[in-house]
Amino acid sequence: MRQSLAGFAVAAAILATAACSTAPPQSFGYRPGVVPGVTRDKIEAILGKPTASGPFKVGNINAEVMTYPFGQVILEDDRAVVITIIKDPAYKGPFGAAPGVMIDQFQAAVKAQKVHRSGHVEYYDVLVTQGETRTRDWYDPADNLMVESAATNANDPEAPYQIVAVNLANEAGRALLEQLVKSKLSGDFPDQHVQNYTSEPWST
């Protein structure tokens, strides 16, 4: 249970505050072409109508969430800024990033490219009613990517980390994701508390 909680950390916070409208359930997963910057019309042409949608506000950012079986798409001004893949067995993202992949394997693939990249990693614990997760958010601006991973055992400080969500996110999307964590840290989400927060740079 602790592991699955981390995987839905972003999605749960967003969907809990969105006034959602529902549509018939969809059965397909993520499809190529749904990337940051594309319009709502293009998204729906590729994926169909979302199973639910609704507005969302975090800090001073106003957005809209479109929910699909694989995860969600977040829009600002009718364009995608974040696409979150949480559940799609066929999905393989940049450097092999996918839910279930160990973070060490992903990071090794990034370093193997022998190309200079830099970003930052946010470390924090998420406390919810059902338990606690130890989370790492790996931000890679060059590839419009944020990979969320969680410790496979929150009670073991040596436990490895496993990817629970892949976020395709442009600059606006990464700003939204960072603001979401900051809002949890400041107590804006009573059902999700963030503690032991640190941020460190990384580079290859």
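This report walks through the aromatic pairs, nonpolar cores and salt bridges of a predicted model.

## Aromatic pairs

Let's start with the rings. The model has 7 aromatic pairs. One of them joins Y30 and F70, which meet edge-to-face with their centres 5.8 Å apart and their planes at 85°. Y30 sits in the loop between β1 (21-22) and α3 (40-47), while F70 is in the loop between β3 (61-68) and β4 (71-76), so this pair ties together parts 40 residues apart in sequence. Y30 and F70 are both buried. They also belong to a wider group: Y30, Y68, F70 and Y91 make up one aromatic cluster.

Another pair to look at is F106 with W138, again edge-to-face, at 5.7 Å centre to centre and 80° between the planes. Here helix α4 (residues 103-111) supplies F106 and strand β7 (residues 131-140) supplies W138, a link between distant parts of the chain, 32 residues apart. Are these two rings buried or exposed? F106 has a relative accessible area of 0%, so it is buried. W138 comes in at 6% relative accessibility and counts as buried too, because the cut-off for that label is under 20%.

## A charge over a ring

Aromatic rings turn up in one more kind of contact. The charged end of R136 sits over the ring of Y161, 3.9 Å from the ring centre.

## Nonpolar cores

Now for the inside of the model. The largest nonpolar core has 32 residues, and I43, V73, I83 and F106 are the ones with the most contacts inside it. Which elements give two or more residues to this core? They are helices α3 and α4 together with strands β3, β4, β5 (79-85), β8 (145-151) and β9 (161-169). The largest share comes from β9, with 4 residues.

F106, already met as the partner of W138, is worth a look for its neighbours. Leaving aside residues up to four places away in sequence, F106 touches P94, F95, A97, V101, W138, L145, V147 and I163. There is also a second, separate core of 15 residues, with A63, V82, L176 and L180 among them.

## Salt bridges

On to the charges. Side chains of opposite charge can pair when their charged atoms come close. This model holds 4 salt bridges. R40 takes part in one with E64, at 2.6 Å from N to O. E64 lies in strand β3 and R40 in helix α3, so the bridge ties together parts 24 residues apart in sequence. With 22% relative accessibility, E64 counts as partly exposed.

R40 also meets D78 in a salt bridge, at 2.5 Å from N to O. D78 is in the loop between β4 and β5, so its bridge to R40 in helix α3 ties together parts 38 residues apart in sequence. D78 is partly exposed as well, at 41% relative accessibility. Through shared partners, salt bridges join R40, E64 and D78 into one network.

A further salt bridge runs between K49 and E44, whose closest N and O atoms are 2.9 Å apart. Is K49 buried or exposed? K49 has a relative accessible area of 52%, so it falls in the exposed class.

Technical notes
Residues are numbered from 1 along each chain as its sequence is written. This is a predicted model: local features need pLDDT of at least 70, side-chain atom pairs count only at pLDDT 80 or more; totals for chains, interfaces and linings use all residues. Side-chain values use heavy atoms; hydrogens and water are left out. Rings of Phe, Tyr and Trp (its six-membered ring) pair if their centres lie within 6.5 Å; planes under 30 degrees apart count as stacked, over 60 as edge-to-face and the rest as tilted. Buried means under 20% relative accessible area, exposed over 50%, partly exposed in between (1.4 Å probe, protein chains only). A charge sits over a ring if NZ of Lys or CZ of Arg is within 6 Å of the ring centre and within 35 degrees of the ring normal. A nonpolar core is a set of buried Ala, Val, Leu, Ile, Met, Phe, Trp, Tyr and Cys residues joined through side-chain atoms within 4.5 Å. Contact means heavy atoms within 4.5 Å. A salt bridge is a side-chain nitrogen of Lys or Arg within 4 Å of a carboxyl oxygen of Asp or Glu.
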